[in-house]
Amino acid sequence: MTGDVIKTDAVIIGAGPVALFAIFELGLLDIKAHVIDILDKPGGQCAELYPEKPIYDIPALLVVSGQELTDRLLQQIKPFNPVFHLQQRVDELEARGEDGFALKTDTGTQFETRIVIIAAGGGSFTPKRPPLKRIEEMEGKSVFYSVRRIEDFRDRTIVIAGGGDSALDWALALQGVAKRVTLVHRREEFRAAPDSVNKMRALVDAGEMDFIIGQVMELHGDAGQLTSAGIRGKDGETSRLDCDTLLPFFGLTMKLGPVADWGLNLNENKILVDTEKFETSQQRIFAIGDINSYPGKLKLILSGFHEAALMARQAYHYVYPDARYVLQYTTTSTSLQKKLGVR
Amino acid sequence: MPRITYIEHDGTRHEVEAEAGMTVMEAAVKNSVPGIEAECGGACSCATCHVYVADQWRAATGQPEEMEEDMLDFAFDVRETSRLSCQIKVTDELDGLVVHTPEKQF
């Protein structure tokens with residue numbers, strides 16, 4: 001997906017609630033935004049971690065679920081036609097002075113933008129790494145958290161650990177390609193589509209796949225090459241299973257990721273900003289929401305909304321250097337109402 | 001007020017006073033007890049407040065519900081005594097509760 005460079009006023013990194021509201025505030029000031037998120041849908045933690053949990057501290061909404069808040073924000077920003085680039089992570093950022101920045105994602109999408117807004121919450125979602133000895137040195141050789149090419153796993157003896165859809169889907173997809181697939185999960189019940197579970201059980205009954213109730217507790221091997229895994233069964237005894245590949249699927253966690261290498265001033269993995277413009281130590285790069293840090297910071301969605309509004313005012317100065325910022329109200333301003341499509 | 005003791009992997013003990021109604025996770029975070037991360041803030045969505053309930057307290061704290069059991073799939077070194085501490089409500093009956101924190105939250 002290389003080639004064309006997308007030119008835009010603003011790139012927003014993250015698509016959580018604060019990022020979505022930033023699109024609104026920027027939109028009112030005629031600043032066009034492209035949004036990049038590692039997840040496959042907008043909403044960030046609200047949509048990924050707690051879509052059904054009630055939130056009680058959004059002003060004027062007695063109660064709203066994470067998913068409903070996301071849906072409402074998406075509806076609110078519709079007039080501004082934001083472009084979402086999902087399942088991508090920004091890997092490279094290059095400053096180009098007053099011209100702004102060049103950005104590149106891990107899938108090769110390229111941007112030229114005047115300003116960058118980091119609204120990445122707790123950071124980008126990354127696969128959880130089980131705290132097993134030697135696992136780091138085996139990553140990329142014997143331990144994988146995703147499957148890019150099924151063919152790479154041909155004739156391998158694979159242990160898949162986990163009990164969700166990823167574990168089941170990959171167990172089914174790799175069966176037949178791999179020499180042997182063994183699924184290891186700590187209990188009889190799965191959190192996966194019943195159909196996949198049934199398919200897996202049928203393959204196990206037919207002797208074409210193995211399923212062990214247990215947990216991977218040890219990795220054995222050397223120079224990054226896995227040779228066997230110690231699996232603790234229900235009886236508490238650990239036994240070794242010969243294998244050359246481990247695919248652990250234990251969900252996602254959040255890490256700051258490449259943002260940490262952009263030379264911004266940080267404090268305990270949060271990005272330091274001022275409280276007037278919510279700008280970082282690098283001009284034209286802003287940080288809003290859970291990812292920033294300043295004296296008195298409260299990690300609340302409503303604080304992020306406030307930060308988005310103040311950020312947008314400064315962003316306006318960068319995108320329209322010759323124009324004067326005038327505060328307008330959506331209740332009365334004809335021009336704002338036109339932008340919102342209500343007039 | 002009910003007292004709760006958290007015992008770290010290396011044996012370090014932390015005894016805190018909790019209020020009835022809060023969760024065992026909240027009592028730990030409020031008192032800066034190490035070993036409980038609670039990344040998701042108590043939404044039963046992350047498994048980083050994993051604890052092992054001391055044997056003599058297992059009956060009083062009860063069994064995990066289905067959602068908690070599902071979430072325990074994301075924890076490491078899960079045992080019979082495993083619970084997510086954000087799902088254990090502190091009551092006066094739990095005065096004296098002892099839980100062990102794992103070597104690593106994951």
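Select A:P17, A:V18, A:F21, A:A22, A:E25 and A:L26 in helix α1 of chain A, then add A:I301, A:G304, A:F305, A:A308, A:A309, A:M311, A:A312 and A:A315 in helix α7 of chain A: these two groups meet. You are looking at a predicted model, so please read every stop on this tour as a feature of a prediction.

**Stop 1: α1(A) and α7(A)**

Now show the whole of helix α7(A), residues 301–319, together with α1(A). The two pack at an angle of about 35°, and their axes are 9 Å apart. Turn the view until one helix lies in front of the other: α1(A) passes α7(A) in a right-handed crossing. Try colouring the contact residues by class, and you should find 12 nonpolar, 1 polar and 1 charged.

**Stop 2: α1(A) and α3(A)**

Keep α1(A), residues 17–28, on screen and add helix α3(A), residues 66–77. At what angle do these two helices pack? The angle is about 15°, with the axes 9 Å apart. That angle makes α1(A) roughly parallel to α3(A). This crossing is left-handed.

To see who touches whom, select A:P17, A:L20, A:F21, A:I23 and A:F24 on the α1(A) side. On the α3(A) side, pick A:L69, A:T70, A:L73, A:L74, A:Q76 and A:I77. By class, this contact has 9 nonpolar and 2 polar residues, with no charged ones. Notice that A:P17 and A:F21 take part in the contact with α3(A) and also in the one with α7(A).

**Stop 3: a hairpin in chain A**

Next, select residues 90–95 and 101–105 of chain A, which are strands β6 and β7. They pair in the antiparallel sense over 5 bridges. Click on A:A95, and you will find A:F101 of β7(A) standing opposite. The two strands form a hairpin, with 5 residues between them. Which residue in the turn has a positive phi? Look at A:G97, where phi is about 60°.

**Stop 4: the two domains of chain A**

Zoom out and colour chain A by domain. The domain assignment gives domain 1 as 5–125 + 253–339, and domain 2 as 129–250. The C-alpha centres of the two domains lie 38 Å apart.

**Stop 5: a six-stranded sheet in chain A**

Still in chain A, show the open sheet of 6 strands in the order β14-β13-β12-β11-β10-β15, which has mixed pairing. Which strands are at the edges? They are β14 (238–242) and β15 (245–248), each of which pairs on one side only. Look along the sheet to see the twist, which averages 40° from one strand to the next.

Inside this sheet, pick out β12(A), residues 210–222, and β13(A), residues 225–233. They pair in the antiparallel sense over 8 bridges. One pair to click on is A:H220 with its bridge partner in β13(A), A:S228.

Now add helix α5(A), which packs on the sheet and touches β10 (157–161), β11 (180–185) and β15 of chain A. The direction of α5(A) makes about 165° with that of β10(A).

**Stop 6: α5(A) and α6(A)**

Leave α5(A), residues 165–174, in view and bring in helix α6(A), residues 194–205. Their axes come within 10 Å and cross at roughly 45°. That makes α5(A) oblique to α6(A). The crossing is left-handed.

For the contact itself, select A:L168, A:D169 and A:L172 of α5(A), then A:S196, A:V197, A:K199, A:M200 and A:L203 of α6(A). By class, you have 5 nonpolar, 1 polar and 2 charged residues on screen.

**Stop 7: over to chain B**

Finally, move to chain B and show its open sheet of 5 strands, ordered β2-β1-β5-β3-β4, with mixed pairing. The edge strands here are β2 (13–17) and β4 (82–84), and each pairs on one side only. How far are neighbouring strands turned against each other on average? The turn is 35°, with direction ignored.

For a last close look, select β3(B), residues 50–53, which pairs with β4(B) in the antiparallel sense over 3 bridges. Click on B:V51 and find B:R83 of β4(B) standing opposite.

How values were computed: Residues are numbered from 1 along each chain as its sequence is written. Chains are lettered from A and ligands numbered from 1 in the order in which they are written. This is a predicted model: local features need pLDDT of at least 70, side-chain atom pairs count only at pLDDT 80 or more; totals for chains, interfaces and linings use all residues. Side-chain values use heavy atoms; hydrogens and water are left out. Two strands pair if DSSP finds at least two bridges between them. Helices (H or I, at least four residues) and strands (E, at least two) are DSSP runs, numbered from the N terminus. Axes are lines fitted to C-alpha atoms, for helices over the stretch in contact, and angles run from 0 to 180 degrees between N-to-C directions. Angles under 35 degrees count as roughly parallel, over 145 as roughly antiparallel, 65 to 115 as roughly perpendicular and the rest as oblique. A crossing is left-handed if the near helix is turned anticlockwise from the far one by less than a right angle, and right-handed if clockwise. Contact means heavy atoms within 4.5 Å. Ala, Val, Leu, Ile, Met, Phe, Trp, Tyr, Cys and Pro count as nonpolar, Asp, Glu, Lys and Arg as charged, and the others, Gly among them, as polar. Domain bounds come from an automatic or database domain assignment.
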